[in-house]
Amino acid sequence: MKAGFVNIFGKPNAGKSTLLNALMGEKMAIVSHKVQTTRHRIKAILTEKDHQIIFSDTPGIIDPKYKLHEKMMQAVSGSLEDADVALLITAANEPPEESHEIFQKLRLKAPVIVVLNKTDAVKDTARLEETKKFYEAQPYCKEVVLISALKNTGTKELLERILHYLPEGHPFYEGDDLSDMPVKFFVSEMIREKIFYLYHDELPYHTAVMVQEYKEKSTLIKIRADIIVQRETQKGIVLGDGGKMIKELGTLARKDIEEFLGSKVFLELYVKVRPKWRDSEMYLKEYGY
Ligand SMILES: Nc1nc2c(ncn2[C@@H]2O[C@H](COP(=O)(O)OP(=O)(O)O)[C@@H](O)[C@H]2O)c(=O)[nH]1
Ligand SMILES: [Mg+2]
């Protein structure tokens, strides 16, 4: 039996969350084309007959600009320490210098697989080969695997290479749980994903979601969630004309939550203004950061 922690690192937008979902065959982490969507370390547990892998998706590595950012980078540091295997993921269609600089600084003790993602978006195969060689020559890199997380190609081979480096050991988690995070967390994440999808510019970055009530009734699950924004004007934007936007948000989020929970859901959303919540230790704690 092999068991261990496999942690995913990389710049914002490299495809960390998409890869986690592809490896799990299940939507665990929210994905968007905007950077800094992932704020927590999300653990996903893959249990098979002869192995258990605990994957961690992490926020992209950035320079902290406000307290929420600091918390996000703490989530990254935690994962640096307990990794048995580290996946350093980067977009294959970008020049390697910037990611290389980050990877070099991580000083990981665990074996490192460099994952060249988004190969579906690369036309120039000669350049792809060059990028692969570039990483293979780095002292921190054990090997390079080419994938497309989006198209789910190369992920099987990646899993085989992970198992090659994974230590022998007993499972860390019993049963068939897919994560150590509570259901409420996934519900709030699904609402947050739709906020990233529906609203523009800075708004999603000023927003948190808190599930305040979660009740299983006989025919459905009743969920009440607060959407936290920093300013009155943002509340107006979230609501939209005559509540049009929040209604759309509720509909989109409810569909995903129903699929995730396998149950009918009644979803109530409220907007609350909490000035400067991203810099308040108290609010950050309350919102689970
Ligand atoms: N073309 C292409 N796009 C991808 C691939 N993997 C992820 N993406 C896109 O890249 C963006 C960022 O993905 P996400 O997983 O949220 O990145 P993260 O910030 O590293 O977690 C999203 O728009 C994804 O759809 C891939 O293999 N190919
Ligand atoms: Mg992510």
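**Buried charges, a metal site and nonpolar cores**

Colleague: In this predicted model, is K194 buried or exposed?

Modeller: The relative accessible area of K194 is 13%. The cut-off for burial is under 20%, so K194 counts as buried.

Colleague: Which residue forms a salt bridge with K194, and in which helix does that partner lie?

Modeller: The closest N and O atoms of K194 and its partner D256 are 3.1 Å apart. The two residues stand 62 residues apart, linking distant parts of the chain. K194 belongs to helix α6, whereas D256 belongs to helix α8 (residues 244–261).

Colleague: How many residues apart in sequence are the parts that E98 and K11 tie together?

Modeller: E98 forms a salt bridge with K11, with 3.5 Å between the closest N and O atoms. Because E98 sits in helix α3 and K11 in the loop between β1 and α1, the parts tied together are separated in sequence by 87 residues.

Colleague: Which protein residues are donors of the magnesium ion (ligand 2), and how far apart in sequence are the parts they tie together?

Modeller: The donor atoms are OG of S17 and OG1 of T38, lying 2.1 to 2.2 Å from the ion. Both residues are buried. S17 is in helix α1 (residues 16–24) and T38 in the loop between α1 and β2, so S17 and T38 tie together parts separated by 21 residues.

Colleague: Which helix gives the largest share of the largest nonpolar core?

Modeller: This core has 53 residues, and those with the most contacts inside it are F55, L87, L158 and I191. Its largest share, seven residues, comes from residues 183–198, helix α6.

Notes:
Residues numbered from 1 in each chain as written. Chains lettered and ligands numbered in written order. Predicted model: local features only at pLDDT ≥ 70, side-chain atom pairs only at ≥ 80, totals over all residues. Heavy atoms only, no water. Core = buried A, V, L, I, M, F, W, Y, C linked by side-chain atoms within 4.5 Å. Buried < 20%, exposed > 50% of the residue type's maximum accessible area, 1.4 Å probe, protein only. Helix = DSSP H or I, 4+ residues; strand = E, 2+ residues; numbered from the N terminus. Donors = N, O, S within 2.8 Å, 3.2 Å for Na, K, Ca; no water. Salt bridge = Lys/Arg side-chain N within 4 Å of Asp/Glu carboxyl O.
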